[in-house]
Number of protein chains: 2
Amino acid sequence: MAVAEFAPTHLNTRLNTSQLSSLSTSLSNHHRNSLRLIYRPRNTRISCSIAPSEAPVATKIDEAKNKPECFGVFCVTYDLKAEEATKSWKKLINIAVSGAAGMISNHLLFKLASGEVFGPDQPIALKLLGSERSFQALEGVAMELEDSLYPLLREVSIGIDPYEVFQDAEWVLLIGAKPRGPGMERAGLLDINGQIFAAQGKALNAVASRNVKVIVVGNPCNTNTLICLKNAPNIPAKNFHALTRLDENRAKCQLALKAGVFYDQVSNMTIWGNHSTTQVPDFLNAKINGLPVKEVIKDTKWLEEEFTEKVQMRGGVLIKKWGRSSAASTAVSIVDAIKSLVTPTPDGDWFSSGVYTNGNPYGIAEDIIFSMPCRSKGDGDYELVKDVIFDDYLRQRIAKTEAELLAEKRCVAHLTGEGNAFCDLPEDTMLPGEM
Amino acid sequence: MAVAEFAPTHLNTRLNTSQLSSLSTSLSNHHRNSLRLIYRPRNTRISCSIAPSEAPVATKIDEAKNKPECFGVFCVTYDLKAEEATKSWKKLINIAVSGAAGMISNHLLFKLASGEVFGPDQPIALKLLGSERSFQALEGVAMELEDSLYPLLREVSIGIDPYEVFQDAEWVLLIGAKPRGPGMERAGLLDINGQIFAAQGKALNAVASRNVKVIVVGNPCNTNTLICLKNAPNIPAKNFHALTRLDENRAKCQLALKAGVFYDQVSNMTIWGNHSTTQVPDFLNAKINGLPVKEVIKDTKWLEEEFTEKVQMRGGVLIKKWGRSSAASTAVSIVDAIKSLVTPTPDGDWFSSGVYTNGNPYGIAEDIIFSMPCRSKGDGDYELVKDVIFDDYLRQRIAKTEAELLAEKRCVAHLTGEGNAFCDLPEDTMLPGEM
């Protein structure tokens with residue numbers, strides 16, 4: 001039903017996109033995905049391993065009408081209101097995760113299922129989006145979720161079609177993205193991943209909850225977020241986030257290390273701009289033990305010349321040491337990002353998120369995704385923080401990351417429905433460890 | 001100091017072990033490890049990256065007297081009683097984890113740090129044990145823990161010497177073990193890993209808390225646990241556990257699937273015996289919705305011929321699907337095992353753990369590690385459940401896994417100080433997916 005309701009909008013967007021897709025390297029695939037919205041077969045992948053041969057005690061197996069892709073024990077129906085232990089629980093929420101067979105998700109899904117993120121009275125349904133290639137791995141993930149017996153995890157479904165997986169989703173965590181291949185330019189990566197996020201934006205627009213919150217992790221995440229929201233015009237742009245929380249966490253840790261204090265003493269940390277090497281970890285507004293960082297760390301040379309690099313090099317150092325990219329701490333930062341939206345921000349503090357610039361108080365260009373300081377009442381929404389200060393050094397660096405995001409935006413105009421793309425990205429700004 | 005105190009016992013054990021080590025394939029290494037207790041250089045690996053150039057605000061860097069292996073920001077001192085947010089917290093506990101650079105630990109450590117296991121007012125110190133080869137990976141894990149900013153995680157130290165890492169440990173999670181190489185018999189694996197667990201038992205005996213709780217995950221875990229506790233005579237044998245909780249969780253899930261109920265309706269699930277293919281998932285005593293399983297699942301053929309295999313094949317199926325062994329759900333089951341000891345067992349229910357048989361009410365041979373049904377008051381201790389029933393089928397299967405454990409015990413006599421080893425293991429009983 002949601003499909004029919006939003007089909008006209010979707011078709012509109014599709015036509016625009018098709019007309020302007022001269023730079024797209026895989027139009028036919030994109031086109032097919034779009035058409036699938038209208039003609040797509042339902043229930044193409046059903047994976048429900050349950051085969052009860054006994055009459056169940058008090059519950060019955062759902063006829064899978066509304067859960068076409070349920071997995072294993074998660075195909076069983078249940079009645080939370082019928083049980084003493086669960087009748088005070090909140091209404092189930094749907095959480096969709098892309099790249100669900102990857103390592104970041106392998107940490108994140110279990111955190112979501114444990115209740116650590118949404119609380120001990122919030123039952124959840126996990127909807128896992130993978131690819132044809134990763135479908136068996138998705139089943140493996142679902143099996144491990146089964147074996148974990150998390151009482152709050154009531155439904156798990158797996159699929160490869162975002163129009164099915166995003167159905168009624170209230171949170172969507174877009175982790176999956178193609179890694180950059182050998183010799184690929186940033187422009188090429190923007191195009192390849194941009195197409196994925198354009199298609200996922202269309203799917204969100206068609207089938208997700210009208211108030212869905214979307215957090216984009218797949219890189220280049222700011223511009224992927226922009227593409228995604230431009231393809232989902234019926235969802236408020238304010239509901240889309242690009243993850244810069246790992247950068248924020250790393251910045252807090254490096255300031256704590258330098259000052260010789262525990263990391264819980266560092267607050268008011270902003271990451272400005274792009275999740276790339278042009279990002280600006282803001283030591284002008286950050287505080288240590290409630291004091292401005294510069295009053296605590298007097299080594300201005302370190303702050304200006306080493307601090308940012310230390311934050312940015314973290315992923316690269318980790319790959320050298322550990323041999324893998326930072327899956328666990330990335331998952332933690334996604335948890336932090338969600339928690340920051342569903343719990344009230346502590347008085348006087350804030351958090352960073354890459355959000356849509358639309359009337360921002362900092363003079364930053366409008367209509368891009370820019371990481372800025374945010375506060376939340378815990379209702380899933382946020383407001384920008386007004387009382388921040390700027391100096392020339394901070395302004396100059398913000399201008400640079402802003403220019404990069406504007407250039408990235410021009411580079412994906414064919415995917416946002418805003419004309420022909422023009423790519424003039426000056427340099428490689430991928431963060432180390434995220435190649 | 002603790003070393004001097006327990007040196008006589010240790011030497012005693014060492015001499016016995018040396019005399020009887022004719023089956024040991026790496027005695028010289030074992031011998032060197034033993035001698036290291038007396039002559040070992042302290043602080044051989046110091047890894048503290050902090051280099052403050054400013055006067056810290058209110059805290060000072062510890063001179064590393066008692067924290068020789070602290071890592072990064074975790075080298076900073078702190079005063080929980082001085083802060084409003086933390087002054088009501090409990091006293092810090094030390095948790096040591098071996099195999100800390102592996103995939104199971106990579107899930108487990110973040111669960112421990114999050115507060116999910118020991119609660120939101122329990123600060124923890126993580127002591128990570130790795131090998132010379134994995135030392136850089138340990139640093140990588142510690143870096144990700146730093147970047148996660150968990151407020152409850154106050155100390156992280158890394159090392160390769162169990163005598164340092166286990167110092168004052170109150171919980172020890174022994175995950176690290178050598179995997180079975182190509183062509184290696186179970187007897188060979190028992191010997192190689194047995195030596196690791198003999199050395200770790202000696203280290204526990206010398207330096208751990210006198211009431212340390214030890215959970216052994218590395219395979220073959222029952223007999224590794226026996227070896228470990230035999231080498232730690234000054235720690236109560238009751239404090240040692242072999243992990244069979246993943247088997248229990250999988251068994252509950254398979255019964256739920258078969259009955260068409262959600263897994264939270266399955267209770268009183270016992271895994272009897274060895275963590276191997278002779279293990280006995282007990283469908284005679286287990287309940288579904290409070291009723292005996294056999295009253296709910298009338299398919300006796302399935303219960304007797306398929307259920308156990310489904311539980312045991314789970315790991316193998318997962319490797320086929322997902323390409324990796326079950327790290328995430330294993331970590332969840334370790335969390336479950338700890339929680340079952342630190343929170344009161346729900347009325348009428350129980351959990352399984354591989355524990356030392358010493359006056360058990362079931363007629364099972366004494367002086368082995370056997371998985372049995374346990375209840376806890378939540379004080380870290382447990383008692384065996386008395387009201388279980390047996391039938392011939394259950395008795396026969398328990399006898400088989402009991403015989404296997406007695407054979408394994410004879411096979412490692414050189415490591416428990418009980419004479420010459422004699423190996424007559426009848427068949428390969430490693431669980432699929434744990435090769």
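Student: Why is Glu383(A) called partly exposed and not buried or exposed?

Tutor: In this predicted model, the relative accessibility of Glu383(A) is 42%. Buried needs a value under 20% and exposed a value over 50%, so 42% falls in between and Glu383(A) counts as partly exposed.

Student: What makes Glu383(A) and Lys377(A) a salt bridge?

Tutor: Their side chains meet with N and O 3.6 Å apart. The limit is 4 Å between a Lys or Arg nitrogen and an Asp or Glu carboxyl oxygen, so the pair qualifies. Lys377(A) counts as exposed because its relative accessibility is 63%, and the cut-off is over 50%.

Student: Which residues are joined into one network by salt bridges that share partners?

Tutor: Glu146(A), Asp147(A), Arg250(B) and Arg314(B) make up one such network.

Student: How do you know that Glu146(A) and Arg314(B) form a salt bridge?

Tutor: The closest N and O atoms of Glu146(A) and Arg314(B) are 2.5 Å apart, and the rule asks for a distance within 4 Å, so the pair is counted. Glu146(A) sits in helix α4 of chain A and Arg314(B) in helix α10 (residues 300-322) of chain B, so this salt bridge joins two chains. Both residues are buried.

Student: How many salt bridges are there between chain A and chain B?

Tutor: The count is 10 between chain A and chain B, while the structure holds 37 over all chains. Another pair that forms a salt bridge is Asp147(B) with Arg250(A), where the closest N and O atoms are 3.5 Å apart. That value is within 4 Å, so this pair also meets the rule.

Student: Which elements of chain A supply at least two residues each to the side that touches chain B?

Tutor: They are α3 (103-114), α4 (135-147), β3 (153-159), α8 (245-259), α10 (300-322) and α11 (327-342) of chain A. The largest share, nine residues, is from α4(A). Sorted by class, the side of chain A that touches chain B has 36 nonpolar, 20 charged and 18 polar residues.

Student: What is the area buried between chain A and chain B, and how many residues does the contact take from each chain?

Tutor: The buried area is about 6200 Å², and carbon and sulfur atoms give 59% of it. The contact takes 74 residues from chain A and 72 residues from chain B. In addition, 26 residue pairs are in polar contact across the interface.

Student: What makes the salt bridge of Asp299(A) and Lys258(A) a link between distant parts of the chain?

Tutor: The side chains of Asp299(A) and Lys258(A) meet at 3.3 Å, N to O, which is within the 4 Å limit and therefore a salt bridge. Asp299(A) is in the loop between α9 (293-296) and α10 of chain A, Lys258(A) is in helix α8 of chain A, and the two are 41 residues apart. Lys258(A) has 10% relative accessibility, which is under 20%, so Lys258(A) is buried. Asp299(A) has 23%, which is not under 20% and not over 50%, so Asp299(A) is partly exposed.

Student: Why is Asp161(B) called buried?

Tutor: Its relative accessible area is 6%, and the cut-off is under 20%, so Asp161(B) counts as buried. Asp161(B) is found in the loop between β3 (153-159) and α5 (162-165) of chain B. A polar atom of the Asp161(B) side chain lies 2.8 Å from the backbone nitrogen of Tyr163(B).

Student: Is Ile158(B) buried or exposed, and how do you know?

Tutor: Ile158(B) has a relative accessible area of 0%; this is under 20%, so Ile158(B) is buried. Ile158(B) lies in strand β3 of chain B. Its C-alpha atom is 7.0 Å from that of Phe71(B), although the two are 87 residues apart along the chain.

Student: Why is helix α7 of chain B called mostly covered?

Tutor: Nine of the 10 residues in α7 (residues 221-230) of chain B are buried. Among them are Cys221(B), Thr223(B), Leu226(B), Ile227(B) and Cys228(B).

Student: Where does UniProt place the domain "Lactate/malate dehydrogenase N-terminal" in chain A?

Tutor: The unreviewed UniProt entry places this domain at residues 94-241 of chain A. Over residues 94-241 the chain is 41% helix and 19% strand. For "Lactate/malate dehydrogenase C-terminal", UniProt (unreviewed entry) lists residues 244-414 of chain A, where the chain is 47% helix and 16% strand.

Note on methods. Residues numbered from 1 in each chain as written. Chains lettered and ligands numbered in written order. Predicted model: local features only at pLDDT ≥ 70, side-chain atom pairs only at ≥ 80, totals over all residues. Heavy atoms only, no water. UniProt positions renumbered as here; feature names shortened; annotations may be inferred. Helix = DSSP H or I, 4+ residues; strand = E, 2+ residues; numbered from the N terminus. Buried < 20%, exposed > 50% of the residue type's maximum accessible area, 1.4 Å probe, protein only. Contact = heavy atoms within 4.5 Å. Buried area = accessible area lost by both parts, 1.4 Å probe. Polar contact = N/O pair within 3.5 Å; in protein donor to acceptor, adjacent residues only side chain to side chain. Nonpolar A, V, L, I, M, F, W, Y, C, P; charged D, E, K, R; others polar.
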